[in-house]
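Visitor: Please show me the model, and explain the terms as you apply them.

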Amino acid sequence: MLVFPNAKLNLGLYITSLRPDGFRNLESVFVPLPWCDALEVLPAETNVLTLSGIPIPGDSATNLCWRAYELLRTDFQLPPVQMHLHKAVPIGAGLGGGSSDAAFALRALDEVFELHLSPERLEDYARQLGSDCAFFIRNKPIFAYEKGDVFEPIAVSLTGVACKVIYPGLHISTAEAYARVVPRAPRHDLRASLAQPLEQWRDLVSNDFEEALTPQYPILGELKQALYTAGAAYASLSGSGSAVYGLFPDRETLPKLLLPEEFQVWDGVL
Ligand SMILES: C[C@](O)(CO)[C@H](O)COP(=O)(O)OP(=O)(O)OC[C@H]1O[C@@H](n2ccc(N)nc2=O)[C@H](O)[C@@H]1O
Ligand SMILES: Nc1ncnc2c1ncn2[C@@H]1O[C@H](COP(=O)(O)OP(=O)(O)OP(=O)(O)O)[C@@H](O)[C@H]1O
């Protein structure tokens, strides 16, 4: 079975309090971004995970696809599996690429081995692999809170909106990024703000990581400004960075930006 684990964008992100388990409570809206890896999952004689594309730090045993298989194996007698992951979504980008691989691996293993797990059970497994993972089980725009793994429906839709995502080649560790933020109450009500027209989000919707990370990584602020100068209706850091995205009314308004060769760019219509 071949699947295409996609990335995500965060529309607003407020880090509201420190939790007793050391994690932070947050509020954010997640939306799928069609920048994808490719993952093949097949029953096999012996276990094997092969990799291509962007190199992933760590060995195969720590890869989130493998960890998804090991996790299901604690509850089910699974036959050996052959997986191949082609990595295209940048790592340490705040785009949730690794989390998506983990969730898509759970979904594919469920289908290949006919486990008939409900979305709720798949989300329970996904939560054990990382805070971002559960979103990718249903993979629909959603309001997320607590660790970012508890959800409520939201009506926001970016269908037809054009988007440019720029990864400036900086790998920002999620744990280090969180350590730089002092939790506080949300600046605005996120759900009410996202119900306003896109052009108003600039004044209403923010990501707490930006203020904490921009002094150390000025390129994040420069990219956001460049996107606004090029006509973005809204621009922001995604998650804990370092990817910065701009939203534009339609494909015709997507700008061509002159960027250093080592930057990776995705653009298209959502
Ligand atoms: C920044 C976001 O991408 C926003 O969607 C996510 O919160 C990150 O989720 P993730 O990469 O799946 O993160 P995890 O693998 O669960 O956690 C990595 C590290 O980030 C910190 N962390 C993560 C999530 C959270 N709600 N509070 C935290 O403090 C913890 O130090 C944790 O050790
Ligand atoms: N399949 C995988 N793809 C990417 N990273 C993986 C994978 N498996 C394990 N990892 C580990 O997870 C770490 C970061 O993963 P990920 O790509 O989700 O980070 P990110 O893009 O910053 O997303 P976010 O912080 O939003 O979850 C990497 O440093 C890597 O060591």
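Guide: On a 1 Å grid over the protein atoms alone, a pocket is an open set of points where a 1.4 Å probe fits, with protein on both sides within 12 Å along at least five of seven lines. The space taken by ligand 2 is the largest pocket. This is a predicted model, in which local features need pLDDT of at least 70 and side-chain atom pairs count only at pLDDT 80 or more, while totals for chains, interfaces and linings use all residues. Side-chain values use heavy atoms, without hydrogens and water.

Visitor: How do you know that ligand 1 sits in the largest pocket?

Guide: A molecule sits in a pocket if more than half of its atoms lie within 2 Å of the grid points. Ligand 1 sits in the largest pocket, so it meets that criterion.

Visitor: What makes the pair formed by tyrosine 178 and ligand 1 a polar contact?

Guide: A polar contact is a pair of N or O atoms within 3.5 Å. A polar side-chain atom of tyrosine 178 lies 2.5 Å from an oxygen atom of ligand 1, therefore the pair qualifies.

Visitor: Why is aspartate 132 said to make a polar contact with ligand 2?

Guide: An N or O atom in the side chain of aspartate 132 is 2.9 Å from an oxygen atom of ligand 2, so this pair also falls within the limit.

Visitor: Why is ligand 2 said to lie between domain 1 (2-153) and domain 2 (162-269)?

Guide: Both domains, whose bounds come from an automatic or database domain assignment, give residues to the shell around ligand 2, so ligand 2 lies between them.

Technical notes: Residues are numbered from 1 along each chain as its sequence is written. Chains are lettered from A and ligands numbered from 1 in the order in which they are written. A polar contact is a pair of N or O atoms within 3.5 Å; within protein, one must be able to donate a hydrogen and the other to accept it, and residues adjacent in sequence count only if both atoms are side-chain atoms. On a 1 Å grid over the protein atoms alone, a cavity is a set of points where a 1.4 Å probe fits but cannot get out, and a pocket is an open set with protein on both sides within 12 Å along at least five of seven lines; lining residues have an atom within 4 Å of a point.
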